[in-house]
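Please go through the helix packing and the salt bridges of the model shown here.

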Amino acid sequence: MTHTLAAALAAGGLGWTLWHGLADPGVALAFGLLVAAGELVRGGPRPGTGTGPPPGAGAPAGPVEPWGREPAPLGAAAALAYALLGECAGRPTGHGTAQVVAVVVAGVLAGSVPRVARGHGPTADQAARRVLTVGCAAACFQPLADGSGWARGLGQGPYHALVLLLLLALTGLADAALGALLLRARTGGPRRSLLRAELRGLLGIGSAVCATGAVLALAVAVAGLWALPVVCVPLLFTQRSLRRYAAVRATYRETIASLARATDVAGYTRPGHAHRVAALSRAVGRELGLSEPDLTVLEYAALMHDIGQLSLVDPVPEGATVRLPAAEQRRIALLGGAVVRRTGVPAAVAAVVERQADPFREQPLPARIVRAVNAYDDLVGAGAEEAPGALERLRLGTARDYHPAVVESLARVLARDGVAGPGPG
């Protein structure tokens with residue numbers, strides 16, 4: 001439904017503009033080129049970085065990059081600025097909502113062609129989100145800028161800055177709600193936690209995009225198109241820094257994932273066990289409303305939760321620690337925590353690994369999640385239990401070992417994603 005609405009809006013804007021022609025073609029061309037340039041330098045996962053979900057995961061495992069839910073901040077800021085533009089060097093521009101949509105769609109398409117050819121262009125969700133958000137902002141502002149009387153006073157008079165701030169707030173909220181809606185349609189996650197995550201994203205790169213869009217619109221209104229490169233250069237440098245930081249994070253995660261595979265290579269756990277537990281733990285954590293930083297800690301802890309088994313003389317059969325006595329589970333968890341603390345990962349990750357075998361009433365939420373998901377994968381992967389039987393075993397252990405809310409969240413994730421059991425490593 002969302003994609004259909006975005007496609008209809010894009011087609012309508014392009015058709016109206018082709019029929020009536022461009023108003024202020026120089027301004028339209030400048031902003032269209034800026035949107036295209038933003039798409040050309042967009043961020044995103046590099047091919048082969050391992051940030052996608054592992055086989056049989058049932059949920060995305062990779063952490064959200066620093067640009068979060070806006071991988072093309074320059075293009076987004078340029079599109080928003082054009083939607084909020086009423087004047088150029090003191091002269092009314094005269095373009096309307098339909099032309100804003102048409103120019104943004106043309107810029108996105110032009111900038112995306114080379115990236116699509118390389119296999120990492122914008123997704124359908126990102127394109128739909130861009131079109132609908134910009135269309136919403138333009139529909140709110142352009143009638144004020146093109147109107148007369150009180151409407152023109154709001155769009156271009158002394159209340160102009162106040163109107164821009166209000167529209168930016170409304171646009172940000174609408175974009176967050178749309179992002180949560182699209183993510184829920186794709187993953188089936190809970191509405192509230194998805195919306196909270198999107199709203200948190202507004203405090204990061206989202207606020208920078210909104211602020212840059214407003215500054216661009218105001219600067220062009222006063223100084224003309226020469227203001228575009230002056231305002232956009234700092235954002236380009238910021239995006240470059242974010243890309244470098246993202247590359248460091250990707251390398252860091254790959255190092256942790258490689259360390260987690262040590263138990264597979266040594267024959268202490270079944271192939272792919274750590275990655276399945278990490279992916280499913282992240283999905284359960286999202287279901288329970290954990291923030292993105294907490295989800296990252298949870299994922300790292302789940303990847304390394306069995307690292308303590310490398311200290312054992314005799315491997316646990318099938319690596320299934322769920323069948324061990326409580327004291328032995330606790331000893332392996334403490335050994336694993338000691339190893340994790342020497343790897344340089346955040347102390348919070350080591351704390352989760354150390355406490356994964358505690359009674360659930362004494363555990364933080366990430367440790368509760370890792371324990372329940374690990375037990376599920378152990379029970380199903382060892383072949384002794386079917387998925388419903390494994391979940392029933394976990395429910396029977398909710399008096400001491402597994403938190404009831406975590407077990408039920410796990411059951412919902414499995415039912416929603418259609419996961420009957422762990423896939424092959």
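The questions below take up one helix pair and then the salt bridges.

Reader: What kind of model is this, and how are residues numbered?

Author: This is a predicted model, in which local features need pLDDT of at least 70 and side-chain atom pairs count only at pLDDT 80 or more, while totals for chains, interfaces and linings use all residues. Side-chain values use heavy atoms, with hydrogens and water left out, and residues are numbered from 1 along each chain as its sequence is written.

Reader: How are H12 and H14 oriented to each other?

Author: Helix H12 covers residues 292-303 and helix H14 residues 347-354; helices are DSSP runs (H or I, at least four residues) numbered from the N terminus. Their axes lie 9 Å apart at an angle of about 55°, where axes are lines fitted to C-alpha atoms over the stretch in contact and angles run from 0 to 180 degrees between N-to-C directions. Angles under 35 degrees count as roughly parallel, over 145 as roughly antiparallel, 65 to 115 as roughly perpendicular and the rest as oblique. The two helices are therefore oblique.

Reader: Which class of residue makes the contact of H12 with H14?

Author: Contact means heavy atoms within 4.5 Å. H12 supplies Val-297, Tyr-300 and Ala-301, and H14 supplies Ala-348, Val-349, Val-352 and Val-353. Ala, Val, Leu, Ile, Met, Phe, Trp, Tyr, Cys and Pro count as nonpolar, Asp, Glu, Lys and Arg as charged, and the others, Gly among them, as polar. The contact has no polar and no charged residues, and seven that are nonpolar.

Reader: How many salt bridges does the count come to?

Author: A salt bridge needs a side-chain nitrogen of Lys or Arg within 4 Å of a carboxyl oxygen of Asp or Glu. One of them joins Glu-198 and Arg-129 at 2.9 Å, N to O. By this rule the count is 17.

Reader: Is Glu-299, which forms a salt bridge with Arg-253, buried or exposed?

Author: The closest N and O atoms of Glu-299 and Arg-253 are 2.6 Å apart. The pair links helix H12 to helix H9 (residues 227-260), 46 residues apart. Buried means under 20% relative accessible area, exposed over 50%, and partly exposed in between (1.4 Å probe, protein chains only). At 0% relative accessibility, Glu-299 is therefore buried.

Reader: Which residue meets Glu-354 in a salt bridge?

Author: Glu-354 is buried, because its relative accessible area is 17%. Its partner is partly exposed, at 44%. The N to O distance is 3.0 Å, and the partner is Arg-341.
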